[in-house]
Amino acid sequence: MNGASDGIRGIGMTSARTRDRLVQRLRAHGIRSQAVLNQIRNVPRHLFVDEALASRAYEDTALPIGHGQTISQPYVVARMTEALLDAFTGEKVLEIGTGCGYQTAILAPLVKRVYSVERIPELLKRARQRLRDLDIYNVQFRPGDGWDGWHKYAPYDGIIVAAAAPEMPARLLEQLAPGGRLIIPVGPAGRQELTLVTRRDDHFERCSLDPVSFVPLVPGK
Ligand code: SAH
């Protein structure tokens, strides 16, 4: 973003300085990965929300995207991406809950391939178009139920879920490769924990990261 385009918008809220402030805030809140922070700086979050909300796009807050859904808070996107990619050596990541595609756009340039599943086709269609507009081509999208994962391309080295599950989805655990990492908010509304599951040879290791607040992972189609 440069001064000229800010002038056209007449608000200056999408400028480099505004984005730098967001990056500084995330760093102050404990995000360490420079690769993730660079992505937060580079991905134009204002293109993922309605124009009426564009001036708030670089606030560290969730915003409505229609259909009763939200674009996740940048801190949470950064935290989840950092946790997923910490010591990550794999290639394939499954994302559940594409929504507007912001998390997808942050993640995709940092891995070889992303497979993204969303149950609301209208959101999926717009997300697909946005990523194309941003020249991101290593993502495959599918409308469907995230509880089923995406069997065709399993196993995945990483799985990232952007909606809260009351209990751990068994099919996602099955589709995790040995050594693979699953990041998922688990628990009922008001008591969700961002959870990291690592698949070991003969068991799953589970650890809680942060209390979080996500829209629910809707059961079934
Ligand atoms: N990843 C988005 C946040 C999306 S909000 C971002 O970057 O901001 C969560 C999304 O999960 C919503 O779009 C919702 O429709 C979707 N979702 C909820 N339950 C689902 C399910 N069972 N299967 C697939 N997607 C689901």
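# Notebook: rings, buried contacts and backbone oddities

**Aromatic rings.** I searched the whole structure for aromatic pairs and got 5. The first one I opened was Trp150 with Tyr153, an edge-to-face pair. I noted 5.2 Å from centre to centre and 80° between the planes. The model is a predicted one, and I read every value here with that in mind.

I then asked how far each of the two residues is covered. Trp150 has 8% relative accessibility, so it counts as buried. Tyr153 has 19%, which is also buried because the cut-off is under 20%. I followed the ring pairs outward from there. They link Tyr115, Trp150, Tyr153 and Tyr156 into a cluster.

**A cis bond.** I checked the backbone around Pro155. The peptide bond from Ala154 to Pro155 is cis, and I wrote down omega near 5°. Pro155 sits in the loop that runs between strand E5 (139-143) and strand E6 (156-161). I kept the general rule beside this entry: most peptide bonds are trans, and most residues other than glycine have a negative phi.

**Positive phi.** I looked up phi next and noted two residues. Ala87 has phi near 60°, a positive value in a residue that is not glycine. Its place is the loop between helix H4 (74-85) and strand E3 (92-96). Ala87 counts as exposed, because its relative accessibility is 68%.

Asp135 is the other entry. Its phi is positive too, about 60°, although Asp135 is not a glycine. I placed Asp135 in the loop between helix H6 (121-133) and E5. Its relative accessibility is 53%, and exposed means over 50%, so Asp135 counts as exposed.

**Val139.** From Asp135 I moved along to strand E5, where Val139 lies. Is Val139 buried or exposed? I found 11% relative accessibility, so Val139 counts as buried. I listed its contacts, leaving out neighbours within four places in sequence. They are Thr104, Ala108, Val114, Ser116 and Leu131. I took a distance for one of these residues, Val114. Val139 and Val114 are 25 residues apart along the chain, and their C-alpha atoms are separated by 4.7 Å.

**Ala57.** I went to the loop between helix H3 (34-42) and strand E1 (63-66), which holds Ala57. Ala57 is at 0% relative accessibility, so I entered it as buried. What does Ala57 touch, once residues up to four places away in sequence are set aside? I wrote down Arg45, His46, Val49 and Leu63.

I also took the separation of Ala57 from Ile71. The two are 14 residues apart in sequence, and 9.7 Å lies between their C-alpha atoms.

**Ile71.** This residue is in strand E2 (residues 69-71). I read 0% relative accessibility for Ile71, so it counts as buried. I listed what Ile71 touches, again without residues up to four places away in sequence. Arg45, Val49 and Leu63 are among its contacts, and I had already entered these names for Ala57. The Ile71 list also has Phe48, Ala62, Ile65, Cys100 and Tyr102.

I took one further distance from Ile71, to Pro121. They are 50 residues apart along the chain, with 16 Å between the C-alpha atoms.

**The whole chain.** I closed with the totals. The chain has 7 helices and 9 strands. Its radius of gyration is 17 Å, close to the 17 Å that the globule rule gives for 221 residues, so I entered it as being as compact as a globular protein of that length. Along the principal axes, the C-alpha trace spans about 55 × 35 × 35 Å.

How many of the 221 residues count as buried? The figure I noted is 51%. For contacts, I took those between residues at least 6 apart in sequence, and 53% of them join residues at least 24 apart.

The accessible surface comes to about 10600 Å². Carbon and sulfur atoms hold 49% of that surface. My last entry is on charge. The chain has 29 positive and 24 negative charges, and I noted 3 Å between their mean positions.

How values were computed:
Residues numbered from 1 in each chain as written. Predicted model: local features only at pLDDT ≥ 70, side-chain atom pairs only at ≥ 80, totals over all residues. Heavy atoms only, no water. Helix = DSSP H or I, 4+ residues; strand = E, 2+ residues; numbered from the N terminus. Rg over C-alpha atoms; globule rule 2.2 N^0.38 Å. Buried < 20%, exposed > 50% of the residue type's maximum accessible area, 1.4 Å probe, protein only. Contact = heavy atoms within 4.5 Å. Areas by Shrake-Rupley, 256 points an atom, 1.4 Å probe, with all protein chains shown as cover. Lys, Arg positive; Asp, Glu negative; His and termini not counted. Charge placed at Lys NZ, Arg CZ, Asp CG, Glu CD. Phe/Tyr/Trp six-rings, centres within 6.5 Å; stacked < 30°, edge-to-face > 60°.
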